[in-house]
Amino acid sequence: MTQVENSLANSLANPPPQVSPFSQARLVELWCAEPIFFASRELSDTYYTEGVIGNYALAYALGWARSPYRLQGKATGKPRYMEDLTPLNGHQYILPAWPLDNRPSFRFERFNALSDSYWYAMTNNRVATAREDLPLKRTGKKPNTYRPSNFPQTGRLRMLERGNRFQTLVFGEVELPEYIRVGKFMSKVRLDIREPLPVQVLPRGIYSSNTYLNAADLPPSIDLVRFDVMSIPPAPLLKHLQFHGPAWQVGDWICPADVAFCGGNSDETP
């Protein structure tokens with residue numbers, strides 16, 4: 001073999017060690033000061049919150065990204081995670097928050113959004129408060145004011161109870177507030193921030209991750225062996241993941257290397 005071939009063979013047999021864009025990470029504990037609600041699952045008239053806080057929700061709650069208050073035109077109904085979060089890649093990242101001791105507690109509440117007017121009637125996914133809003137089959141005409149709505153009028157909510165504790169890893173040198181607000185009701189959550197820990201890069205191998213992970217944020221360079229999936233919007237979350245590839249170790253925690261918002265890809269739409 002020539003010298004060039006020998007050099008190429010040695011580089012393939014002994015690839016250079018990976019370099020992490022993050023030199024440190026912090027373990028952050030979240031304490032729920034108020035009940036937290038996300039519409040993770042919908043079964044009939046009951047809306048369930050899973051025992052996890054997604055990392056996209058945390059990124060917005062921390063003020064890392066801000067979405068417009070109102071979407072108009074073609075932007076209506078289109079997620080903005082790619083536009084809002086991928087500029088953060090290489091600077092900061094946060095994992096989904098998993099429950100401390102893996103034992104979240106919940107509470108049920110019933111909601112009623114019906115009108116308290118003197119007269120109302122249930123129509124197509126909305127409550128009519130004027131008699132002229134009744135459907136065509138009941139009045140013989142269809143008024144211009146009749147519009148269907150996608151908001152539930154009555155039902156039950158399963159919420160994360162106040163006092164729940166979660167923890168997550170925050171990568172990068174970024175200031176963190178003492179309190180944030182998350183969920184549909186902007187519930188208050190306190191952050192207990194631990195001392196920074198170094199991010200150690202582990203070579204390619206088979207590892208078991210003891211953190212929660214966002215399936216959309218995993219790098220394409222790893223091979224998934226087995227995992228448990230939590231099918232919740234906007235992207236499935238994985239736990240008990242075993243994978244083959246490089247890894248990052250932060251204290252006692254291991255996760256795949258090069259995790260990034262939306263997989264680090266800002267060219268494709270989600």
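Over the ring of which residue does the charged end of Arg 41 sit? In this predicted model, the ring in question belongs to Tyr 48, and the charged end of Arg 41 sits 4.8 Å from its centre. A further contact of this kind involves Lys 188, which lies over the face of Tyr 179 at 4.5 Å from the ring centre.

Aromatic pairs are another feature of the structure, and their count comes to 14. For Phe 37 and Phe 185, the ring centres are 5.6 Å apart and the planes meet at 25°, so this pair is stacked, the limit for stacking being under 30 degrees. The two rings link distant parts of the chain, 148 residues apart: Phe 37 lies in the loop between β1 (24-32) and β2 (41-43), and Phe 185 in the loop between β11 (179-182) and β12 (187-193). Phe 37 is buried, whereas Phe 185 is partly exposed.

Tyr 56 and Tyr 81 form a tilted pair, with 5.2 Å from centre to centre and 40° between the planes. This pair also links distant parts of the chain, joining helix α2 (residues 55-61), which holds Tyr 56, to helix α3 (residues 81-85), which holds Tyr 81, at a separation of 25 residues. Tyr 56 is buried, and Tyr 81 is partly exposed.

The relative accessible areas of these four residues are as follows.

| Residue | Relative accessible area |
|---|---|
| Phe 37 | 6% |
| Phe 185 | 46% |
| Tyr 56 | 6% |
| Tyr 81 | 26% |

Tyr 56 and Tyr 81 also belong to a cluster linked by ring pairs, together with Phe 22, Tyr 60, Tyr 93, Phe 171, Trp 248 and Phe 261.

Definitions and conventions
Residues numbered from 1 in each chain as written. Predicted model: local features only at pLDDT ≥ 70, side-chain atom pairs only at ≥ 80, totals over all residues. Heavy atoms only, no water. Phe/Tyr/Trp six-rings, centres within 6.5 Å; stacked < 30°, edge-to-face > 60°. Helix = DSSP H or I, 4+ residues; strand = E, 2+ residues; numbered from the N terminus. Buried < 20%, exposed > 50% of the residue type's maximum accessible area, 1.4 Å probe, protein only. Lys NZ or Arg CZ within 6 Å of the ring centre and 35° of its normal.
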